Amino acid sequence: MDKIVIKGGQALHGEVQASGAKNAALPILASALLADGTSTYRNVPDLADVTTMLKVLRTMGCDAERDAEKTDVCQVGVNGHITPEAPYELVKTMRASVLVLGPLVARFGRARVSMPGGCAIGARPIDQHLKGLKALGADIHLTEGYVEATAKQLKGGTVNFDVITVTGTENVMMAAVLARGRTVMENCAREPEVEELARVLNKMGARIEGAGTSIITIEGVDALKPVEHAILPDRIEAGTLLVAAAISGGDVLVKHVVPEHMDALVEKLREAGCTLTAENGGLRCKAPDRLTSVNITTTEHPGFPTDMQAQLMALMSVSQGTSVISENIFENRFMHVPELHRLGADITIQGHTAVVKGVKGLSGAPVMATDLRASASLILAGLRAEGRTDVSRVYHLDRGYERLERKLSGLGADIRREKA
Ligand code: EPU
């Protein structure tokens, strides 16, 4: 198992490019199931989660591969017989495998998908996905740990989500594009990745309006065609790199970003004293002499993203003052806190709130990653800590960051990957 070894204390400088967005790539790859033929995607990040989604698609009988030479290109071919089933062995390694449920039932009239269990950050039920599919006329049964959904022909309907859910919105949207008639989805997630999926579906011939707002309207069509598309940049990876600049006392331009997708983070970094400027299709973050503590409350987009909470907590652990960080999306997303304690951070958890008292410095230590964004947070803290920090269980990091250690070493960090 690999680990990341960091010797802290280098201020990062230079330019780095954000990769394609994991959380857009996953539903978009699943959406290839909706058309016969081969879809081609560019700017697909080379991540463990994307590899898993390609495997899920191959298990069903699709030709789903990453190009050996142009490694940002993936093709998914749906030509011939499909077994509409996502097995436990794959879903247990990645919950987002559940994104095949909507496309399968819409296109093949049947889906058998292992029910995802809880994960480290929370229980994460999929009741809203199922509620939406039922509203479109799918019969849903749970047997032997599998969700079985059937429908001869889905019919448009009204879906009012009780909870705002990103993949739930995406799953139901992918089902509704081939339903007969009009679907109105209310209380939808407004994340840029939902909008991006709708963009791809519309390129395939779907008729979706309102994606990116809380009401999405879809006129069902009879068939979709394959598509060619370049995936939008990853706002969370880009945000993590901006925080790397801030925590190390550096000055970094992150290229290939969509600044308006990152407003909530940019606002908080400015409030903390950083100078943020839009430059050449990128965002530059220049750290101040001393960071100031800011409060953070995670909410659905366009609010502050839960996927940046752990990274901001690392930053606040060395800022001047006290920061109150409230996590409102997932019930157990503070697992980085005990590990940050090992580096000398002063953080107290009260329910879904963490109170972070900024300390002057951190001191390197061996730490363990517990989930994807927690691992990023520990690497960021390691960049700032005096001495050596070893972050183990890096497989969490590899699920969602493309060669993060190489990007950081390109900016001057003393960081390397080692076989543990
Ligand atoms: N929820 C329900 N019922 C449902 C669905 C969700 O109660 O049917 C609850 C969840 O338990 C959670 C809240 O609603 O408390 C929001 O969950 P959501 O469904 O929006 O999360 P998700 O779709 O499973 C995606 C991202 C996550 C990101 C969240 C929130 C993908 C593949 N994953 O998950 O990304 O944290 O939205 O923005 O898009 C990550 O990249 O590190 C990651 C965890």
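1. The lining of the largest cavity in this predicted model comprises, by class, six nonpolar residues, one polar residue and one charged residue. The residues concerned are Arg235, Ile236, His261, Met262, Ala264, Leu265, Pro305 and Met308. Arg235 is the charged member, because arginine is counted in the charged class. His261 is the polar member, because histidine falls outside both the nonpolar and the charged lists.

2. The space in the largest cavity amounts to about 60 Å³. Two helices, α8 (235-248) and α9 (263-271), each contribute at least two residues to its lining. In total, the structure contains three cavities of 30 Å³ or more.

3. The second largest pocket should be considered separately from the cavities. It encloses about 190 Å³ of space and has a lining of 15 residues. Those nearest the centre of this pocket are Gln153, Leu178, Val221, Asp222 and Ala223. By class, eight of the lining residues are nonpolar, three are polar and four are charged.

4. Turning to the ligand, the shell around it consists of 21 residues, and Gln128, Thr165, Thr167, Asp307 and Ile329 approach nearest. The class composition of this shell is nine nonpolar, six polar and six charged residues.

5. Both domains take part in surrounding the ligand: domain 1 (3-19 + 233-418) and domain 2 (22-230) each provide at least three residues of the shell. At the level of helices, α1 (22-31), α5 (127-135), α6 (166-176) and α12 (372-384) each provide at least two shell residues. The largest share, three residues, is that of α5.

6. Polar contacts to oxygen atoms of the ligand involve both backbone and side-chain atoms of the protein. A polar backbone atom of glutamine 128 is 2.7 Å from a ligand oxygen, and a polar backbone atom of proline 125 is 3.3 Å from a ligand oxygen. For threonine 165, a polar side-chain atom lies 2.7 Å from an oxygen atom of the ligand. On its own the ligand has 830 Å² of accessible area, of which the protein covers 88%.

7. Two features of the backbone merit inspection. Most peptide bonds are trans, and most residues other than glycine have a negative phi. The bond joining histidine 301 and proline 302 is a cis peptide bond, with omega at about 10°. Proline 302 belongs to the loop between β18 (296-297) and α10 (309-316).

8. The other backbone feature concerns asparagine 43, a residue other than glycine with a positive phi, near 55°. Asparagine 43 is also placed in a loop, between β3 (37-42) and α2 (48-60).

Key:
Residues numbered from 1 in each chain as written. Predicted model: local features only at pLDDT ≥ 70, side-chain atom pairs only at ≥ 80, totals over all residues. Heavy atoms only, no water. Near = heavy atom within 4 Å. Polar contact = N/O pair within 3.5 Å; in protein donor to acceptor, adjacent residues only side chain to side chain. Areas by Shrake-Rupley, 256 points an atom, 1.4 Å probe, with all protein chains shown as cover. Helix = DSSP H or I, 4+ residues; strand = E, 2+ residues; numbered from the N terminus. Domains from an automatic or database assignment. 1 Å grid on protein atoms, 1.4 Å probe; cavity = no way out; pocket = protein on both sides within 12 Å on 5 of 7 lines; lining within 4 Å. Points joined across faces, edges and corners; volume = space filled by probe spheres on them.
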